[in-house]
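Student: Please take a close look at the charged side chains with me. I'd like to know who pairs with whom, and what lies around them.

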Amino acid sequence: MEQVFTNVVLLFFCYSFIGWLWETVYCSIKARHFVYRGFLLGPITPIYGFGVVGVLYLIEPYQQNIVLLFFLALILVTVLEYLTSFLLEKIFHLTLWDYKDVPLNINGRIAVPVSLFWGAACVFIVRVLNPYLMYLITGWQQRFGLFLPMILLMVISFDLGFTLANLASLRQAMNKMSTTIQDKKEQVQADLGELKVAAEERLQTHQWLTEIKEQPEWRKQLPKLNFQERRFLTSFPNMKSKEIKSPLTEIRQLAKELRKK
C-alpha cells in the first residue's frame, strides 16, 4: 500500500512538471518570449498529473492493446479537460483556455484535434516514457521512502492555498481596473470641451491608459498586482471573465502601464 501511494504521488508530480515544461516551452516559442505557464505558482500543472496517472491506473488492463489504449486515454483526458474548464468557469468565473478557433470544438473547452494529440501523447507515455520514469521513482522510493511524497504534498497544498487566495484578489483587482477603465472612457467621451475627433483618437490610441497612470485621482483607485496576479494576466492570453466589462487586453495594458516608472 505504501509503495502504491508513493508511486502515485511521485508519478503525479513528475507528469505535472513535464506538462508544465511542455506548455511553458510551447507557449514561449509561440509568443516569442518566456511565458511562465501553469495554474499554480510552482513549476507544475496538476491537470497533466491527474490525466496521466488516471491513464496509467484506471485503464491499465487495456494498455496491451494500443488502439484501445489510444481511444480510452483520449476519452479520459478529454473528459478531464472539459470538467476542469467547466469548474474553473463556474467557481472562479474564469476561462483559461479557449479552443473556439480550433475545428470540431465543444464550447471552446475541448476540440477533436487536441484530443487526438492527447491520445497519441498518452500512448507514447505508457509505452515509452513511463518505464524509464518508474525506474527513477523506484530509486527515489528506496532512498526517501514516504518522506519525499509527503513533503511534495505539503508544498502543493501551500501553493494551492496561496494561488486560490491570489485568484480571488485578482478577480477583485480586475473588477476595480475595469470600473476605472469604463469611467475614464466615459469621461473622455463626455468631455464637451474636446473635439469629437480628438476624443476618438485618444480612445483608439489608448492614450487614456497613460492618463490613468499619471493622474493621482485615477491611479489611487487601482490595486497593486503581485507577481502571481500579473502572471495570470500575462500567461493566459485566452483568459476570459464574464464578470469583467472591459476587454482583458485593456486590463493587461493598464497593468503594464502601472508598472512603468
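Tutor: Let's start with a word we'll need a lot: buried means under 20% relative accessible area, exposed means over 50%, and partly exposed is in between (1.4 Å probe, protein chains only). This is a predicted model, where local features need pLDDT of at least 70, side-chain atom pairs count only at pLDDT 80 or more, and totals for chains, interfaces and linings use all residues. Residues are numbered from 1 along each chain as its sequence is written, and side-chain values use heavy atoms, leaving out hydrogens and water.

Of the chain's 261 residues, 44% count as buried. Its secondary structure comes to 10 helices and four strands (DSSP runs numbered from the N terminus: helices are H or I with at least four residues, strands are E with at least two).

Now for the pairs. The model has two salt bridges, each a side-chain nitrogen of Lys or Arg within 4 Å of a carboxyl oxygen of Asp or Glu.

Take Glu-23 and Arg-37: their closest N and O atoms are 3.2 Å apart. Glu-23 sits in helix α1, while Arg-37 is in the loop between α1 and α2, so this pair links distant parts of the chain, 14 residues apart. Are these partners buried or exposed? Glu-23 is buried, at 16% relative accessibility, and Arg-37 is buried as well, at 9%.

The other bridge joins the side chains of Glu-89 and Arg-109, with 3.3 Å from N to O. Because Glu-89 belongs to helix α3 and Arg-109 to the loop between β2 (105–106) and β3 (110–111), this bridge ties together parts that are 20 residues apart in sequence. Glu-89 counts as buried, with 14% relative accessibility, and Arg-109 does too, with 9%.

Stay with Arg-109 for a moment. Arg-109 also lies over the face of Tyr-82, at 5.4 Å from the ring centre. To count, NZ of Lys or CZ of Arg has to be within 6 Å of the ring centre and within 35 degrees of the ring normal.

Now meet a charged residue without a bridge: Asp-159, which is found in helix α5. Asp-159 is buried, yet it has no salt bridge, and the nearest side chain of opposite charge, Arg-231, is 6.8 Å away. (Lys and Arg count as positive, Asp and Glu as negative; His and the chain ends are not counted.) What does Asp-159 touch, then? Leaving aside residues up to four places away in sequence, Asp-159 touches Leu-40, Leu-41 and Gly-42, where a contact means heavy atoms within 4.5 Å.

Finally, the nonpolar side of things. The largest nonpolar core has 54 residues, and those with the most contacts inside it are Val-55, Met-174, Leu-233, Met-239 and Ile-251. Such a core is a set of buried Ala, Val, Leu, Ile, Met, Phe, Trp, Tyr and Cys residues joined through side-chain atoms within 4.5 Å. Among the elements giving two or more residues to this core are α1, α3 (66–92) and α5 (147–190), while α4 gives the most, with eight residues. Zoom in on Met-239: not counting residues up to four places away in sequence, its contacts include Leu-94, Met-174, Phe-232, Leu-233 and one charged residue type, Arg-252.

Definitions and conventions. Lys, Arg positive; Asp, Glu negative; His and termini not counted.
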